[in-house]
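Dear colleague,

Please find the structure below, handed over for your study. My account of what was found in it follows directly after.

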Amino acid sequence: MAFASTQTVTLPETVEGKKYEYYYYNGTYGHKREVLTGPSAHTTFQEIPIIDVSGIFSESFETRKEVALKVADACENIGFLLIKGHGVDQAVIDETYEMSKWYFDHDLEWKEQCGIYKNEGLRGYEGVYGARLDESLRKGDKKESFLYSYDPLADPTKPELTADYRSKLFTNQWPADAPKFKEALQNYQGQLLTLARALMRTFALGLGVEETYFDGIIKAPFNSIKIIKYPTQEPDNMSEIGIGAHTDFETFTILSQDQVGGLEVLNKNGHYIPATPTPGTFVVNVGDFLQRISNERFISTVHRVRNVTGQQRYSIPFFFAFDLDAYVKVLENCVSEDKPAKYEPLNVAEYTANLRKLQYGRFQKMLSQDA
Ligand SMILES: O=C(O)CCC(=O)C(=O)O
Ligand SMILES: [Fe+2]
């Protein structure tokens, strides 16, 4: 199927002869990147590479390291890559998509039973235009989603957790009388946790620290998973977006997308490059935590979705974080005299609580604007 997202729809802003692309980062909208062409343009990526990561499961350290260096190269220069050979069962992925379609086909009233603002942890259903990452648009993101988060019961490693830690994880909302839906989504969570932990070791190797360096802070990681449906949007309507331009705040994201297309990644010249769907792959992108700990050696890259394909699009991002009690600290080997640490340590629980507060504030503001 043709991938129809090369034309620009949400036009960059022009300020005093300069053009900018705006995006959402670290809880606020309005961060910007200048659009550069001609002699002022940087050397930057024009496509997203596909990397075979099957070697991360190898017994051989050399093989694991070889993959890690390739992955690190993509993380440094692009912040995005497609991975194949990831070890997740296709049947589990297919079942999750089937259940996602089944879920979104229900009427709004049924889906609203699990509305995210009924849940302390902001888990559950968010309707079309319910979020607005691009604040220059009157309406929000043209997508609907269902979010659930880390559940020790779905974790293949079955960690032992204190009652205090458990309470901080909050609880997921699941629709009543839908055991197959929950089972499929939890299976997906289990398989993705295994892949994410293996990839975390790959990032450690790529960053030049011990392979197991992060193992102690991904025991019960504060990850979230979203099933998303993007209705079609009109190619010429400049006030529509599937998801506004943003970076992911967590450590990294493993995203499954269907074959419809629409995900776009911002390069250093402010041009959007498609992350073209490729069967058998996941998209992996660096999040803000990984950018922080690597002192910006790895880049948390801006991306957005415009679904101008004329088809409904489904995707499933898995946002992998660290444990709630972990501190995200710049690695010593990523600091030098020329490159001092750009970030203070931050605690995952505090940071995510603050983001939830901001999200809740935006929700209240949207309600008052709609009133
Ligand atoms: O649906 C996609 O392809 C991307 C979703 C995304 O960027 C997000 O939810 O953070
Ligand atoms: Fe994202």
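The side chain of Asp248 has an N or O atom 3.1 Å from an oxygen atom of ligand 1. Please bear in mind that this is a predicted model.

Two further side chains make similar approaches to ligand 1. For His303, the distance between a side-chain N or O atom and an oxygen atom of the ligand is 3.0 Å; for Ser315, the corresponding distance is 2.7 Å. Of the 290 Å² of accessible area that ligand 1 has on its own, the protein covers 96%.

Which elements give two or more residues to the shell around ligand 1? They are β8 (224–230), β9, β14 and β15 (313–320). Strand β15 provides the largest share, namely four residues. In total, 13 residues surround the ligand, and Tyr230, His246, His303, Arg313 and Ser315 are the closest. By character, the shell consists of eight nonpolar, three polar and two charged residues.

Asp248 and His303 also take part in the metal site. Together with His246, they coordinate the iron ion (ligand 2) at 2.1 Å: the two histidines through NE2 and the aspartate through OD. The spacing of these donor residues in sequence is H-x1-D-x54-H. Asp248 and His303 thereby link distant parts of the chain, being 55 residues apart. Asp248 lies in the loop between β9 (243–246) and β10 (252–257), while His303 belongs to strand β14 (residues 303–305).

Are Asp248 and His303 buried or exposed? Both residues are buried.

Yours sincerely

Note on methods
Residues are numbered from 1 along each chain as its sequence is written. Chains are lettered from A and ligands numbered from 1 in the order in which they are written. This is a predicted model: local features need pLDDT of at least 70, side-chain atom pairs count only at pLDDT 80 or more; totals for chains, interfaces and linings use all residues. Side-chain values use heavy atoms; hydrogens and water are left out. Donors are N, O and S atoms within 2.8 Å of the metal (3.2 Å for Na, K and Ca); water is not among the atoms, so sites may look incomplete. Buried means under 20% relative accessible area, exposed over 50%, partly exposed in between (1.4 Å probe, protein chains only). A residue is near a molecule or strand if one of its heavy atoms lies within 4 Å of it. A polar contact is a pair of N or O atoms within 3.5 Å; within protein, one must be able to donate a hydrogen and the other to accept it, and residues adjacent in sequence count only if both atoms are side-chain atoms. Accessible areas come from the Shrake-Rupley method with a 1.4 Å probe; for residues, only the protein chains shown count as cover. Ala, Val, Leu, Ile, Met, Phe, Trp, Tyr, Cys and Pro count as nonpolar, Asp, Glu, Lys and Arg as charged, and the others, Gly among them, as polar.
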